[in-house]
Structure formats: C-alpha cells, structure tokens
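Thanks for sharing this one. Here are my notes, point by point, to read alongside the coordinates.

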Amino acid sequence: MQLPLAVQLPDDETFVSFYPSDNAQVVAAVKGAARAEGKRVLYLWGKGMSGRSHLLHAACALAAERGAPAAYLPLKARDQMAPAMLEGMEKLALVCIDDVGAIAGDAAWERQIFDLYNRALETRDGAHLIITAQAPPQQLGIVLPDLISRLDWGVTYQLHPLDDEGKLAALQLRAGLRGFTLPDDVGRFLLNRLSREMRALFDALDLLDKASIAAQRKLTIPFVKQTLDL
C-alpha cells in the first residue's frame, strides 16, 4: 500500500469492525471501490464522527489484501504534503481523499484534485476515487467551479451518524472483536458519562480492556467508575 505520509493506518479500522447501522449501502459501495468494482468515483459526506475515515482506512486495508496499490490522503494534514504529490496517482488502484473540504480556498490543491479526478477517469483502468467531506460539494467553500462540478458528478452518499443504540452496538462489536463482553448496562453508562464521539468511546473501551485483563475482572459499572475515575 502506498501512503503519501508516514501514516500508520489503524489496524482496527476495517470493514469487520465497522458497525453499519443505516449505512449498509455506503459500506457496500466502498467495498466495491476497494475491489476495483462499481462506480469509479464515490463521494461520501457526513457530519461529525460519522465514520468517514474508518471507511477509508478499511478500503485501503482491503485493497492491500488484494495486493492492489492504494493511497490515503488525510487533507487535514495537507501542510505536510505538496499538491504535486498527486501527480501519477491515477495509475494506482485506489485513492482515498479524506476531508476534501480542508483544502477549500487553496488554489493549488483545488487544481491538483480536479486534475487527478480527470486523469483517473481518462486513464484506462485508472484509480477508483473515494472522496469524503463533512458536507455536500456546494457547501464546502471550494472556489474552483470545475472542482465543485466534478465532486457533484460522482455517486454521492450521506453517512448517517449512529444513534445511542447504534453506538452501543458498535462498542459491543469492538469488544467482541477484542475477545471480551461489554454488558448493556456498562455500555449505556459509558454513553451517559463520556464523550459521545466514537473515537473517545473506543479509546475508553481499549483502556478498560487492558485494565480488566490486568485486574482479572469483568467489566462492571463499579469497575468502570474506578478505572476511569468517574
């Protein structure tokens, strides 16, 4: 897998660990792109912690399993990258562009993404592109009209955030993959007492997993209170 930065993708953010809830159609489309199937360009948008980056990490992992070259570009870190690095990426199997709205107003980046988009479509067996953002293309503040048009041209999916029951199910899925059980009452306690952002909840779950192994105890509300100082 080709990465534009010294980025270590989270090895726990795969399709297996992604709880789809109302996003099953989106997951299927992203899997297809990672397998070089389906539409050439996907645009995913969703507010907050809706799972956009998780799906891109999962797509890159699936491409790597196939031995297909892929690139992941986290545009929030664009200060560590040069726009020219996009040149030639249309020859990869998969290019995942995360948070395209982060480059809104940057003429060099806007032009390079527009050019990459065109080259990917014009190249025989060109890259599948998966592009994410927090809003539809017209609401990103992008200045280059042609780029807005291009982003709006592909297949667009909205990622729906998880409700509390979905977050509980996602936590229990993650716990099961790590080999332990998260009781319903403990999961709801975490949702009521911690940040509702999934990354923060997953981090707390990882800490509790390690603490329960060290203490040889099951997860209970008293143990969670003691471990997390709640």
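1. I began with one strand pair: β1 (residues 41-45) and β4 (residues 128-133) run parallel and are joined by five bridges. A handy place to look is Tyr43, which stands opposite Ile131 of β4. Please keep in mind throughout that this is a predicted model.

2. Where does this pair sit in the sheet? The sheet is open and has five strands, in the order β2-β3-β4-β1-β5, with parallel pairing. The edges are taken by β2 (70-74) and β5 (155-158); each has a single partner strand, so one side of each is left without a neighbour in the sheet. From one strand to the next, the twist averages 15°.

3. Now to the helices, starting with α1 (residues 24-34) and α2 (residues 52-65). Their axes come within 8 Å and cross at roughly 35°, and the crossing of α1 and α2 is right-handed. On the α1 side the contact uses Val26, Val27, Val30, Lys31 and Ala34, which meet Leu55, Ala59, Leu62 and Ala63 of α2. Sorted by class, the residues of this α1 and α2 contact are eight nonpolar, no polar and one charged. The charged one is Lys31 of α1.

4. The next pair is α5 (residues 164-177) with α7 (residues 198-215). These helices pack at an angle of about 40°, and their axes are 11 Å apart. The crossing of α5 and α7 is again a right-handed one. From α5 come Lys167, Ala170, Leu171, Arg174 and Ala175, and they meet Met198, Leu201, Phe202 and Leu205 in α7. This contact of α5 with α7 counts seven nonpolar, no polar and two charged residues.

5. Two of those residues deserve a second look. Over which ring does the charged end of Arg174 sit? The ring is that of Phe202, with the charged end 3.8 Å from the ring centre. Arg174 belongs to α5 and Phe202 to α7, and both are part of the contact described above.

6. Helices α6 (residues 184-193) and α8 (residues 221-228) form a further pair, packed at an angle of about 35° with axes 9 Å apart. Here too, α6 passes α8 in a right-handed crossing. The residues in contact are Asp185, Val186, Phe189 and Leu190 from α6, together with Ile221, Val224, Lys225 and Leu228 from α8. By class, the α6 and α8 contact has six nonpolar, no polar and two charged residues. The charged ones are Asp185 in α6 and Lys225 in α8.

7. Finally, a word on the aromatic rings. Arg150 lies over the face of Trp153, at 5.9 Å from the ring centre. As for rings paired with one another, the count of aromatic pairs is zero, with ring centres required to lie within 6.5 Å.

Notes:
Residues are numbered from 1 along each chain as its sequence is written. This is a predicted model: local features need pLDDT of at least 70, side-chain atom pairs count only at pLDDT 80 or more; totals for chains, interfaces and linings use all residues. Side-chain values use heavy atoms; hydrogens and water are left out. Rings of Phe, Tyr and Trp (its six-membered ring) pair if their centres lie within 6.5 Å; planes under 30 degrees apart count as stacked, over 60 as edge-to-face and the rest as tilted. A charge sits over a ring if NZ of Lys or CZ of Arg is within 6 Å of the ring centre and within 35 degrees of the ring normal. Two strands pair if DSSP finds at least two bridges between them. Helices (H or I, at least four residues) and strands (E, at least two) are DSSP runs, numbered from the N terminus. Axes are lines fitted to C-alpha atoms, for helices over the stretch in contact, and angles run from 0 to 180 degrees between N-to-C directions. A crossing is left-handed if the near helix is turned anticlockwise from the far one by less than a right angle, and right-handed if clockwise. Contact means heavy atoms within 4.5 Å.
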